[in-house]
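This report describes selected side-chain surroundings in a predicted protein model. Please consult the sequence and structure shown here.

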Amino acid sequence: MIGTQHFVEIDDIYFMVRSITLKDVSSVVNIYNHYIANAHSTFEMTALDKKEMTLRIKKVRDTFDLPWLILEDEGQVVGYAHATQWNTRMAYSKTVETSIYIQRDFWGRGYGKKLYHVLLNDLRVRRYHAIIGGISLPNDASVVLHKSVGFKKIAHFKEVGYKFNRWIDVGYWQLIFD
């Protein structure tokens with residue numbers, strides 16, 4: 001567990017990764033709503049408000065005691081990552097699904113990889129075993145990101161989502177901790 005904050009280095013510059021607080025919810029909503037409106041990386045169709053996002057964050061943190069992390073650049077939230085329970089049945093208790101979203105202006109700078117490393121280290125400390133990442137396809141950047149931190153593709157579902165007037169495939173990548 002990362003505690004309150006952790007510093008990561010990207011190109012000789014240090015950035016803060018920390019646990020989310022309620023003051024971050026507006027930034028998280030803005031980042032996520034961009035993806036809802038403009039990308040198929042989430043199958044949500046309607047923008048979220050602060051109240052709904054706060055409920056989701058509290059559920060992840062309070063019900064499942066899972067991390068929800070923020071990446072800051074000079075005090076600005078530029079991305080977030082979190083884990084959710086894969087399935088609520090007890091046999092799945094050591095398996096989680098991860099999500100990561102980076103603000104559009106910060107894509108391609110290594111933020112996602114550094115943030116993902118902190119999230120995965122946190123999950124390793126918490127003794128999770130199987131980490132799953134679902135990616136709507138095509139999404140080359142997300143595939144490269146998942147592979148770069150050790151995920152391997154395990155499944156591909158054809159045309160399981162419909163958004164922006166087209167069918168979308170979903171692939172699943174998995175990382176196993178020893």
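Which backbone atom lies 2.4 Å from a polar atom of the side chain of serine 136? In this predicted model, that atom is the backbone oxygen of histidine 40. The side chain of serine 136 also reaches the backbone nitrogen of serine 41. Both polar contacts are listed below.

| Backbone atom | Partner | Distance |
|---|---|---|
| Oxygen of histidine 40 | Side chain of serine 136 | 2.4 Å |
| Nitrogen of serine 41 | Side chain of serine 136 | 3.4 Å |

Serine 136 belongs to strand E6, which covers residues 130–137. Its relative accessibility is 6%, so serine 136 counts as buried, the cut-off being under 20%. Beyond the residues up to four places away in sequence, serine 136 touches His40, Ser41, Phe43, Ile168, Asp169 and Val170.

One of these contacts, Phe43, leads to the protein surface. Phenylalanine 43 is placed in the loop that runs between helix H1 (25–38) and helix H2 (50–63). Because its relative accessible area is 35%, phenylalanine 43 is classed as partly exposed. Together with Phe157 and Val160, Phe43 makes a nonpolar surface patch of about 270 Å².

The interior offers a further point of reference. The largest nonpolar core comprises 48 residues, and Met53, Leu120, Leu123 and Ile131 touch the most other members. When neighbours within four places in sequence are left aside, methionine 53 is in contact with Val25, Val28, Val29, Tyr32, Leu48 and Trp68.

Definitions and conventions
Residues numbered from 1 in each chain as written. Predicted model: local features only at pLDDT ≥ 70, side-chain atom pairs only at ≥ 80, totals over all residues. Heavy atoms only, no water. Helix = DSSP H or I, 4+ residues; strand = E, 2+ residues; numbered from the N terminus. Buried < 20%, exposed > 50% of the residue type's maximum accessible area, 1.4 Å probe, protein only. Polar contact = N/O pair within 3.5 Å; in protein donor to acceptor, adjacent residues only side chain to side chain. Contact = heavy atoms within 4.5 Å. Core = buried A, V, L, I, M, F, W, Y, C linked by side-chain atoms within 4.5 Å. Patch = residues over 30% accessible without salt bridge, like charges linked within 9 Å, V, L, I, M, F, W, Y side chains within 5 Å. Areas by Shrake-Rupley, 256 points an atom, 1.4 Å probe, with all protein chains shown as cover. Salt bridge = Lys/Arg side-chain N within 4 Å of Asp/Glu carboxyl O.
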